Amino acid sequence: QVQLVESGGGLVQPGGSLRLSCAASGSIFSINAMGWYRQAPGKQRELVAAISSGGSTNYADSVKGRFTISRDNAKNTVYLQSNSLKPEDTAVYYCNAKVATSPPIRQLEVWGQGSLVTVSS
């Protein structure tokens, strides 16, 4: 089994910053792509940022220049540094990872529990 545990969500003022963390644990052989998604009330879940095992990244247009995704492979952890936050960034943020389990190797896609980020004065 593989679990993703998120931390770092909370309330922040517009223009402020937060860093979300997501740590994977369990029977992990390797972690391939990792990413962050978000879902605002009444809206569909959308990809915010993703990072490959090799470190290549991509971002939603709405967060480019403000958010940075990174990973620490030694800790099986992915981060989302969110700067210059706007009210429209308010959402539940979900960590996602594509994981190969320890033998017997299986390819899994797992999700974190979700972290609420509220951007408000």
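A salt bridge, in the sense used here, is a side-chain nitrogen of Lys or Arg within 4 Å of a carboxyl oxygen of Asp or Glu. The structure above holds 5 of these salt bridges. Keep in mind that this is a predicted model, where local features need pLDDT of at least 70, side-chain atom pairs count only at pLDDT 80 or more, and totals for chains, interfaces and linings use all residues. Residues are numbered from 1 along each chain as its sequence is written, and side-chain values use heavy atoms, with hydrogens and water left out.

Let's start with the salt bridges. The side chains of Arg 38 and Glu 46 meet in one, at 2.8 Å from N to O. Are these two buried or exposed? We call a residue buried under 20% relative accessible area, exposed over 50%, and partly exposed in between, using a 1.4 Å probe and protein chains only. Arg 38 has a relative accessible area of 6%, so it is buried, while Glu 46, at 32%, counts as partly exposed.

Next, look at Arg 66, which forms a salt bridge with Asp 89; their closest N and O atoms are 2.7 Å apart. Arg 66 sits in the loop between β6 (57–59) and β7, and Asp 89 in the loop between β8 and β9, so this pair ties together parts that are 23 residues apart in sequence. Strands such as these are DSSP runs (E, at least two residues), and helices are runs too (H or I, at least four), numbered from the N terminus. Both partners are tucked away: Arg 66 is buried with a relative accessible area of 10%, and Asp 89 is buried with just 1%. Arg 38, Glu 46, Arg 66 and Asp 89 are in fact linked in a network of salt bridges. Lys 64 and Asp 61 also meet through their side chains in a salt bridge, at 3.0 Å from N to O. Here Asp 61 is exposed, at 64% relative accessibility.

Now for the nonpolar core, meaning a set of buried Ala, Val, Leu, Ile, Met, Phe, Trp, Tyr and Cys residues joined through side-chain atoms within 4.5 Å. The largest one has 30 residues, and those with the most contacts inside it are Trp 36, Val 48, Val 78, Leu 80 and Tyr 93. Several strands each supply at least two residues of this core, among them β1 (2–7), β4 (28–39), β5 (46–51) and β8 (77–82). The largest share, 5 residues, comes from β9.

What does Val 48 touch? Counting contacts as heavy atoms within 4.5 Å, and leaving out residues up to four places away in sequence, its partners include Trp 36, Tyr 59, Phe 67, Leu 80 and Tyr 93.

Ser 21, found in strand β3, is buried too, with a relative accessible area of 16%. With the same sequence neighbours left out, Ser 21 touches Val 5, Glu 6, Ser 7, Trp 36, Val 78 and Tyr 79. Ser 21 and Trp 36 are 15 residues apart in sequence and 10.0 Å apart in space, C-alpha to C-alpha.

Finally, let's see how some strands line up. Two strands pair if DSSP finds at least two bridges between them. β4 and β5 pair in the antiparallel sense over 5 bridges, with Trp 36 standing opposite Ala 49 in β5. Their hairpin has 6 residues between the strands, and there Gly 42 takes a positive phi near 75°. β5 also pairs with β6 in the antiparallel sense, over 3 bridges, and Ile 51 stands opposite Thr 57 in β6. That hairpin has 5 residues between the strands, with Gly 55 at a positive phi near 100°.
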